[in-house]
Every structure is written in C-alpha cells, then in structure tokens.
Amino acid sequence: MEDRFGHRISYLRVSITDRCNERCTYCMPQELQEWLPRHDILTFEETLRLIRIATDLGVTKIRLTGGEPLTRRDVIQLFRQLPSLTRLRDIGLSTNATLLTREVEPGLTMAQAVRRCGFRSVNISLDTLDRAEYAKITGRDLLPAALAGIDAAIAAGFPQVKINCVLMRGRNASGLTKLVDFAAERNLLLRFIELMPVSTTDVLTEENFLPVAEARRTIEAKFGSLIPQPEFKTNGPAIYYQLPGRSQRIGFIGAMTNLHFCESCNKLRLTCDGKLRPCLGSYLEFDIMKPLRANASDDELRQFFLDVVERKPEQHDFRTTYKPDRKMVAIGG
Ligand code: SAM
Ligand code: SF4
C-alpha cells in the first residue's frame, strides 16, 4: 500500500482496549473514566480478521497497544492466534509493564507467555525512576511493579526491549541521565519522546513541553557529545545516537520539533472500537467496524484499507490545526 505522498504502509498499530490500570496525565483525562461498552470493542475474531486483511495488503509488522493491552481479559488467547498470520514478520507489544509478572498459568508469567507467542519486541513506558514522580505522572504508585515487569521482559528473552520516556519539563527533566544509566545496565534501547497534544486535557503547555534538542543537551552535559547513528533504524521515526565510550544507543522522537518527522511514515492505526486512522496527529478516522459487522467480503475490506491509505495526509497537524480531542488511550499510541 502506498499513499499519494509515497509513504509505503507496512506497519499496523492495533489498539485492543481503551482501558488502563494507570492514568498518565498526557494520555488520559483525569476525571472518572467511562470505558467503551464491550459491544463497541472489536472482538478477537474481528481484530484478527482485520490484521489478516492488512497483511494481504503488505503489512508485515504489527504492534499491539491500547490503553494497556494486558488489561484485556484473556488477551493471551488473542496473542496465541497471531503466529497463524504467516505474512507477519514482526509482532510487538506496547505496555506499561506493570502486568508482565502476572501468572497466566501456573509457572508462566505474562512476559514469558507473550514471548512464546512469537513477539519480538516489547516497548515499555517509563518516564522516571523516582517513585513519587512516577505516581504523579501515572496517577498510580506502580513503579515497583513496572520495574519488576521490565525484569520479567528481560528474563523472557525478547530480542528487543525498548524503554519509552515522554519528556516533560518540571516533571522528569532532572532524571533523564539516570534513565540512560538504567538502560545501559540492562542493555535496553531507550528513546525520549516529545509530548504530543493528544490527551483531552491540554497538557502541551510551554511549561510542560521539553524539546528533544534540550534533552539531548542535558544528556551531553553529563556523558559528552553524542555520536549520530544515521544508519541505525527501528522501523519508526526515532533518530539514534551512540554515547561516547559506550556501545549504548539512545533515540529521540521529535514529533513536534522534527520537521521531517512524517517523511518516512509507514503506519496505519486500528482503534479498539474499529476505526482506521491514517495518522495519529489528524482527526481523520474511518469506521471499518460498520462494514465488518455488515458482513463485508474480504475484497470490500481490502478496498476500505486502500481508500484510507489514499486519504493519508502528508504530515500530522500537531503544529497547526490539531486540538486535543480523542484521548491517546483510545487511539492507541
Ligand atoms: N499502555 C501502554 C504504554 O503505556 O506503553 C501502551 C499505550 S500508550 C498510549 C503508548 C505510548 O504512547 C506510551 O509510550 C506513552 O508514553 C505514549 N504517549 C501517550 N500519550 C502521549 C502524549 N500525549 N505524547 C507523547 N507520547 C504519549
Ligand atoms: Fe495507560 Fe499507557 Fe496511557 Fe499511561 S500511557 S495512561 S500506561 S495507556
């Protein structure tokens, strides 16, 4: 699938729930949350069918996300069916890690069970190593659970465990170098992400926003000049650097300040309530649940995907017309 601007679509982010056991300020509204009714969420069967249709059209990589995907009941039953989609080359999970130690069956942690389903990578959100700050950012005192989850992911032997840290001035800015050391000690790939205006509350204020360039300067002040690694890519928009004197690499995802951010975009998003979104930072979304539940044929659904790709914008609207609307937790980060 290729859009009008030459973006080749090979990657589908699949949100399987709008629910979460945390309440990150930048992701979820803080007021009492009304979850989507069960009937409005794609069933496992429907989700698998849409992923299969996407693989017919050239999608080779998916990432399961949410909300917190591991809060979905019996989620491992869905994961166990993914390897049957033979065209998939890479399956990943985005998680806050707090449920990775949970036993799925006696003697089998969630992390091990996910690994056995053929998942190659786990992306874990961790904005700070300070317990009080973690509780403020996520609304839950779950840092110990998240750290145990990271250990469980490492022990389960995923080829790649990444740590994603959303940058926020006045919140985690002073702890960035500690995260760099934390990642180095465990051989994890750390990425710093600029705050995006996706939540319903307007978190993207001058006081909150911390550009990647500034985070980089903070890190260079402690570790020395970072060495650009233009050849190193991970299927996304991160720009990587090596730390001087270490084999460690770190990445920066400058969604707001990098004007070339969208040039190599290869993604589509499927929300848990069955909407296809051609771009995270655009209001455009198309209801594929409707034809799906009206017995559309595979051909019709494939055409639906192609029509959505045709509407993919050249770049996101975050710097221009975008105002917080749908919360990230429903879109799937
Ligand atoms: N619950 C899982 C987790 O926390 O990783 C998966 C879903 S979460 C929406 C996926 C990623 O989106 C996380 O790394 C999170 O930090 C990021 N995210 C959420 N809201 C964001 C925002 N407003 N700006 C930048 N990143 C955001
Ligand atoms: Fe939950 Fe992840 Fe959103 Fe935090 S970023 S509220 S952990 S879905």
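Visitor: What makes V14, I16 and F119 contacts of L64?

Guide: Contact means heavy atoms within 4.5 Å. Leaving aside neighbours within four places in sequence, L64 meets that criterion with V14, I16, P69, L78, F79, L82, I91, G92, L93, S94 and F119. This is a predicted model, in which local features need pLDDT of at least 70 and side-chain atom pairs count only at pLDDT 80 or more. Residues are numbered from 1 along each chain as its sequence is written.

Visitor: Why is the set of 81 residues called a nonpolar core?

Guide: The term is used because such a set consists of buried Ala, Val, Leu, Ile, Met, Phe, Trp, Tyr and Cys residues joined through side-chain atoms within 4.5 Å. In the largest one, L12, L64, F79, L82, F119, F192 and F305 touch the most other members. Apart from it lies another core, of 22 residues, among them I137, M168, Y240 and L280.

Visitor: What makes strand β6 mostly covered?

Guide: Buried means under 20% relative accessible area, with exposed over 50% and partly exposed in between (1.4 Å probe, protein chains only). In β6, residues 121-125, 4 of the 5 residues are buried.

Visitor: How do you know that β6 and β7 pair?

Guide: Two strands (DSSP E runs of at least two residues, numbered from the N terminus) pair if DSSP finds at least two bridges between them. β6 and β7 (residues 160-167) are joined by 5 bridges and run parallel, so the criterion is met. One of the bridges links S121 to Q160.

Visitor: What makes β9 and β14 edge strands?

Guide: In the open sheet of 12 strands, whose pairing is mixed, β9 (227-228) and β14 (286-287) each pair on one side only.

Definitions and conventions: Chains are lettered from A and ligands numbered from 1 in the order in which they are written. Side-chain values use heavy atoms; hydrogens and water are left out. Helices (H or I, at least four residues) and strands (E, at least two) are DSSP runs, numbered from the N terminus.
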